[in-house]
Amino acid sequence: MSKVLDPAIRSYFFGKGYLDLHAVIADTWARNLASAQKELTAMRSLWPRSWTGKGLALVRGAAAASILVFGTAFFLVASILHVALLLTFFLLVYLGFTLVYLTEWAYLTWKGFFPVCPDCHSKNPLAEYFCPKCGNVHRRLIPSSYGILYRTCKCGQKLPATFFLQRGNLAAACPDCKRMLGGLIEVRKVFVPIFGGPAVGKSSFLLAVLRELTEHWAPARGFAVKFPDSGVDSEIHRAWQHLAKGLPPAKTVTNLPRAINVQVDRSGQEGRLLYLYDPAGEAFGETEGLQLHKYQNYLSGLVFLIDPFSIQEVREIYADRLPRVESALKPSQLPAEDAFARILIGMEEYFGLGKGERIKKPVAVVINKIDAFGLEQRIGEPAVQARLRSSPTPADPAAVRNHVVREQLVRWGLTDLVHQLETRCPQVGYFACTSLGRMPDGTVQPLEGRGVLEPLLWILEASDSMFKAERRKQAA
Amino acid sequence: MEELLLLLVVVPLVIGAIIVLISLGIVLGAVLGAGKALYNYGLAFANNVKPDRRLSS
């Protein structure tokens, strides 16, 4: 690891103490030489005089010799004590900051706190922090020789050097791309990418999830939802306003996905930062595009969206009605099997997933666009409720929904996909939703999703203790 | 007899006194020198040891 010099004042025992020691030795030696020289000069001038003068000359000569002998002895002994003192404090400080650093490292690793850039998606153990007074960048603001708990910036500002003292409240930037990282840098993060081929409705799904989370789920449980990145909040609200006027979201244009940071917290409780992101369909269409999605390295689970109208069987069933609504429905051209194969290829090629190895994260398989052609009645909430009512014994709604959707996928001829999903992913949940609630037909009726939040909550509950506890509380 | 007394008593006494005086002079000089050396160290320490961390980086 290269040594990083930060614009801070280093501990006395790690630098200046030794310079001071050297200066003391040099200064003492120079003073002793000068004093001895003075005594010798006096001795020379006294010697030729009377006997008294000779006697005094003797005293001065002895003093000159004594200065050199005792002076050397003094500074040797004193220097040894000085060094011992410096080294003792050096070791104490070293031990102190090492202990604090290791404790912090263990705590952050255990909690899964690490800064991730929403722009370049780099995960770094530490962000670059800015001094609030002078704006100087502190690249390694950790317990170190600059200070165990606090350090002093060159401008004189005291900065917390550890997570335990709210270091995360300082302005910080990504060490790789230098983008400013918005709030809650040092909190637990949950990464959920939303995968699927082009035009499966990822952007609409993401917007509907955020709306459901913000307007219904969070207020009902006393949580507050914020979008810490500047500008994102207004962007999302603008998109929601468009949806409320019956306008579908603009097509995602960027190939590099920009994660949406969602801060979920409740007073008196440690918050979470959800990284939800929507890789643009075009990037996903090319397997190579997946290398941009570095989040897969540390995802908490993934949502795999399926457009039912990309399935050949479904196209055939609705062949007579499909052409009339094709422009509104925008069926994805990439078959679901290919989309899933591309996820696997990308993960094998770029993220060290072995051939045939299982993805050890929850995978929510979500059939979108079920508002079309009455699909909701067949695989949506009404179908689940009907199945529950007809069940002779009380059944778990989640298990029933899983069964209904899975069964439909098999009926549509996606047996291979289901088999592959269940072989490669030990935790698969099947869901059905409509991100827009209806087909966009140019009318001003609001577009409002249904069933969009359940897949995300299922992932969150499987991967994060706070959401798991929330589910248990609701169930009780 | 007087000469013998001078030779055996006075001369050694005088020589002894001279040696004592010289020794005293040397001891006095040594003490003064040691004091001066200690003073020099104290001055050098006071002038150079300043744990003002702002001077370092």
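This report covers the two chains of a predicted model, from overall composition down to single residues.

**Conventions.** Local features need a pLDDT of at least 70 and side-chain atom pairs count only at pLDDT 80 or more, while totals for chains, interfaces and linings use all residues. Residues are numbered from 1 along each chain as its sequence is written, chains are lettered from A and ligands numbered from 1 in the order written, and side-chain values use heavy atoms, with hydrogens and water left out.

**Confidence.** The predictor assigns the complex an ipTM of 0.79 and a pTM of 0.69. Chain B has an average pLDDT of 81, and 89% of the residues score at least 70. Here pLDDT is the predictor's confidence in each residue, from 0 to 100. In residues 53–57 of chain B the pLDDT is below 50; this stretch still has 14 contacts in the model beyond near neighbours in sequence. A contact means heavy atoms within 4.5 Å. Where pLDDT is low, predicted coordinates should not be read in detail.

**Chain totals.** Chain A holds 14 helices and 13 strands. Chain B has 1 helix and 0 strands. These elements are DSSP runs, numbered from the N terminus: helices are H or I with at least four residues, strands E with at least two. In chain A, 51% of the 476 residues are buried; in chain B, 19% of the 57 residues are. Buried means under 20% relative accessible area, exposed over 50%, and partly exposed in between, with a 1.4 Å probe and protein chains only. The accessible surface of chain A is about 22200 Å², with 59% from carbon and sulfur atoms. For chain B the surface is about 4200 Å², with 76% from carbon and sulfur atoms. Areas come from the Shrake-Rupley method with a 1.4 Å probe; for residues, only the protein chains shown count as cover. Of the chain A contacts between residues at least 6 apart in sequence, 72% join residues at least 24 apart.

**A helix pair.** In chain A, helix α1 (residues 16–46) packs against helix α2 (residues 51–111) at about 175°, with the axes 8 Å apart. So α1(A) runs roughly antiparallel to α2(A), a label for angles over 145 degrees. Axes are lines fitted to C-alpha atoms, for helices over the stretch in contact, and angles run from 0 to 180 degrees between N-to-C directions. The contact comprises 21 nonpolar, 10 polar and 3 charged residues. A:Ser35 lies in helix α1 and is buried, at 7% relative accessible area. A:Ser35 touches A:Ile67 as well as B:Lys36 and B:Asn40 in chain B, leaving aside residues up to four places away in sequence.

**Two further buried residues.** A:Val400 sits in helix α11 (residues 397–411). It is buried, at 10% relative accessible area. Its C-alpha atom is 6.2 Å from that of A:Val384, 16 residues away along the chain. A:Leu353 lies in the loop between α8 (336–350) and β12 (363–367). Also buried, A:Leu353 has 10% relative accessibility. Beyond residues up to four places away in sequence, its contacts include A:Met347 and A:Arg424.

**Positive phi.** Two loop residues of chain A that are not glycine have positive phi values.

| Residue | Phi | Loop | Relative accessibility |
|---|---|---|---|
| A:Gln166 | near 60° | between β4 (158–160) and β5 (172–173) | 51%, exposed |
| A:Lys178 | about 70° | between β5 and β6 (180–181) | 44%, partly exposed |

Methods:
Angles under 35 degrees count as roughly parallel, over 145 as roughly antiparallel, 65 to 115 as roughly perpendicular and the rest as oblique. Ala, Val, Leu, Ile, Met, Phe, Trp, Tyr, Cys and Pro count as nonpolar, Asp, Glu, Lys and Arg as charged, and the others, Gly among them, as polar.
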